[in-house]
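Trainee: Could you take me through one part of this model closely, namely the way its helices pack against one another, and then add whatever else bears on reading that part with care?

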Amino acid sequence: MSELRAPGTGPGTGPGAGRRVAVVTGGARGIGAAVARRLAADGRDVAVLDLTEESTGDTVGAVRAAGGRAVGVGADVTRADQVQAAVERVVSELGPPTILVNNAGILRDSLLFRMTEDDWDSVVAVHLRGAFLMTRAVQAHQVEARWGRIVNLSSISALGNRGQTNYAAAKAGLQGFTKSLAIELGPFGITANAIAPGFVATEMTRATAQRLGMTFEDFLARVSQDIPVGRAGTPQDIAAAASFFASDEASFTSGQVLYVAGGPKA
């Protein structure tokens, strides 16, 4: 992790901006943890939100060890009451949040004829309902500040993927959600963009390898053969894109979907 900058000196902390407060959902591990650490390195105060506060300890500890301010918050993003309570706690401990990264997600992969209603509902709820509830709660503070950044995590699966009709539908829905937010909230100085990662080496994709009966190393090697740059992505690759979208420099970039996939996708 790069050395943390002093308050007010990082990107996205222009004249009169003060110190930005960012909320990263699903921030306990993987992409979310990398995004939280990168935003902290950019000079943000970071609220790391995941299902339990205990699970956020490693991410929060890493930010604090590097000299940043962070708080861990436990909440189920599909529950409106828990979302509201989580945002209120962020306001009380760090200040009003003006950066939101909707990263929380789950997998319930299955071919359509085997997919249960719960497989469908749980995936759609976490990705879409969760992003809706979090954004609705945070945008009030962004509108008041007349400045805001919303970054939604989509996926190349939004283009379609065997065994992921639920996940693909949710991730495609996030792209439409993002574009609509950009139109509605743009007049208030708020941008909304989506990142669509390709294959990224995380605990989630490690579980996919196990389900296929492969070692993670063999799985990475096989997947990398189809990626033009010849390697799998890392959480830090995605965090770099989030850093730009959350910056002041991205004020004229809104409603976009960036495929961070090691090659052209859409």
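Mentor: What follows is a look at two helix contacts, then at a loop, an aromatic pair and the confidence of the model.

Since this is a predicted model, every value below is computed from predicted coordinates. Let us start with helix 4, residues 117-145, and helix 5, residues 165-185, whose axes come within 8 Å and cross at roughly 15°. With angles under 35 degrees counted as roughly parallel, helix 4 and helix 5 are therefore roughly parallel to each other, and the crossing of the two is right-handed. On the side of helix 4 the contact includes Trp120, Val123, Val124, His127, Leu128, Ala131 and Phe132, while the residues they face in helix 5 include Tyr167, Ala170, Leu174, Phe177, Leu181 and Leu185. By class, this contact of helix 4 with helix 5 divides into 13 nonpolar, 6 polar and 2 charged residues; among the residues taking part are Asp119 in helix 4 and Lys171 in helix 5.

Just past helix 4, in the loop that leads to strand 5 (148-153), sits Arg146, and Arg146 has a positive phi of about 60° although it is not a glycine. Most residues other than glycine have a negative phi.

The second contact joins helix 1, residues 30-41, to helix 8, residues 235-245, with axes that come within 8 Å and cross at roughly 50°. That angle makes helix 1 oblique to helix 8, and here too the crossing is right-handed. Helix 1 contributes Gly30, Ile31, Ala34, Val35, Arg38 and Leu39, and these meet Pro235, Gln236, Ile238, Ala239, Ala240, Ala242 and Ser243 in helix 8. The contact of helix 1 with helix 8 has 9 nonpolar, 3 polar and 1 charged residues.

Turning to side chains elsewhere, the structure holds 2 aromatic pairs. In one of them, the rings of Phe199 and Phe219 have centres 5.3 Å apart and planes at 80°, so the pair is edge-to-face. Phe199 lies in the loop between strand 6 (190-197) and helix 6 (203-211), whereas Phe219 belongs to helix 7 (residues 216-224), so that the pair links parts of the chain 20 residues apart.

As for confidence, the protein chain averages a pLDDT of 93, and 93% of the residues score at least 70. Over residues 1-16, however, the pLDDT is below 50, although this stretch has 37 contacts in the model beyond near neighbours in sequence. Where pLDDT is low, the predicted coordinates should not be read in detail.

Technical notes: Residues are numbered from 1 along each chain as its sequence is written. Side-chain values use heavy atoms; hydrogens and water are left out. Axes are lines fitted to C-alpha atoms, for helices over the stretch in contact, and angles run from 0 to 180 degrees between N-to-C directions. Helices (H or I, at least four residues) and strands (E, at least two) are DSSP runs, numbered from the N terminus. Angles under 35 degrees count as roughly parallel, over 145 as roughly antiparallel, 65 to 115 as roughly perpendicular and the rest as oblique. A crossing is left-handed if the near helix is turned anticlockwise from the far one by less than a right angle, and right-handed if clockwise. Contact means heavy atoms within 4.5 Å. Ala, Val, Leu, Ile, Met, Phe, Trp, Tyr, Cys and Pro count as nonpolar, Asp, Glu, Lys and Arg as charged, and the others, Gly among them, as polar. pLDDT is the predictor's confidence in each residue, from 0 to 100. Rings of Phe, Tyr and Trp (its six-membered ring) pair if their centres lie within 6.5 Å; planes under 30 degrees apart count as stacked, over 60 as edge-to-face and the rest as tilted.
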